[in-house]
Amino acid sequence: MLLDIDNTIKPYGANKIDQPYIEWIDHVKSLGIEVILCSNNYPKNVRPIAEQVNCKFVAFCLKPSSFGYFRAYLKSKAKRKNILVIGDQFFTDILGGKFMQLKTFLVDPISAESEGKTVVLRRKLTAVFTNAIKERENPYRKEE
Ligand SMILES: [Mg+2]
């Protein structure tokens, strides 16, 4: 499982992960699933976060390119078809996963505060699609 950090497992700008997210990551790991944190941030910022949850990490991912996800894939023991990417931004986390034909899961951001203007714009663009999906009765079933 390749997991984004900012606004996926901790608020943007926070320097630690809150306990419920730590417990969730521990639970996922207890199921035998390897968790690798993938962030566009610098190693000096990502390392302390990864140490909190005792996970491998890939910093400076350059999402939405697949550069970081490919490095994470090389670090993992997983087959590509078994890799899931989880993140809060369509135009970076999810698109990067799609470029590498990985399974992806878009989550709601933890907090919308202190986000830059480009992030806000990208979220508005993403909402055009996600709102249409949410309006379906079952978001996972395609309309006939
Ligand atoms: Mg994020």
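Here are a few worked exercises on the structure above.

Two notes before you start. Numbering begins at 1 along each chain as its sequence is written. The model is predicted, so local features need pLDDT of at least 70 and side-chain atom pairs count only at pLDDT 80 or more, while totals for chains, interfaces and linings use all residues.

**Exercise 1. Lay out the fold.**

Task: In what order do the helices and strands run from the N terminus on?

Solution:
- Start with the tally: 5 helices and 5 strands. Helices (H or I, at least four residues) and strands (E, at least two) are DSSP runs, numbered from the N terminus.
- Now read along the chain: β-α-β-α-β-α-β-α-β-α.
- For overall dimensions, the C-alpha atoms fill a box of roughly 45 × 35 × 30 Å along the principal axes.

**Exercise 2. Sort out the sheet.**

Task: Which strands stand at the edges of the sheet?

Solution:
- Get the order: the 5 strands form an open sheet, 3-2-1-4-5, with parallel pairing. Two strands pair if DSSP finds at least two bridges between them.
- Read off the ends: strand 3 (56-58) and strand 5 (103-106) each have a single partner strand, so one side of each lacks a neighbour in the sheet.
- Zoom in on one pair: strand 1 (residues 2-3) runs parallel to strand 4 (residues 84-87), joined by 2 bridges. Here leucine 2 sits opposite valine 85 of strand 4.

**Exercise 3. Find the core.**

Task: Which element gives the largest share of the largest nonpolar core?

Solution:
- Fix the term: a nonpolar core is a set of buried Ala, Val, Leu, Ile, Met, Phe, Trp, Tyr and Cys residues joined through C-beta atoms within 7 Å. A residue is buried with 20 or more other C-beta atoms within 10 Å of its own, exposed with 12 or fewer, and partly exposed in between; C-beta atoms are placed from the backbone.
- The largest core has 26 residues, and Leu2, Leu3, Ile36, Leu37 and Cys38 have the most contacts inside it.
- Helix 2 takes the prize, with 4 residues.
- Check one member: leaving out residues up to four places away in sequence, leucine 37 touches Leu3, Ile5, Val46, Ile49, Ala50, Cys55 and Phe57. Contact means C-beta atoms, placed from the backbone, within 7 Å.

**Exercise 4. Place asparagine 82.**

Task: Where is asparagine 82 found?

Solution:
- Locate it: asparagine 82 is in the loop between helix 3 (67-75) and strand 4.
- Count around it: asparagine 82 has 13 other C-beta atoms within 10 Å, so it is partly exposed.
- Look across: asparagine 82 and lysine 103 are 21 residues apart in sequence, yet 7.9 Å apart in space, C-alpha to C-alpha.

How values were computed:
Contact = placed C-beta atoms within 7 Å.
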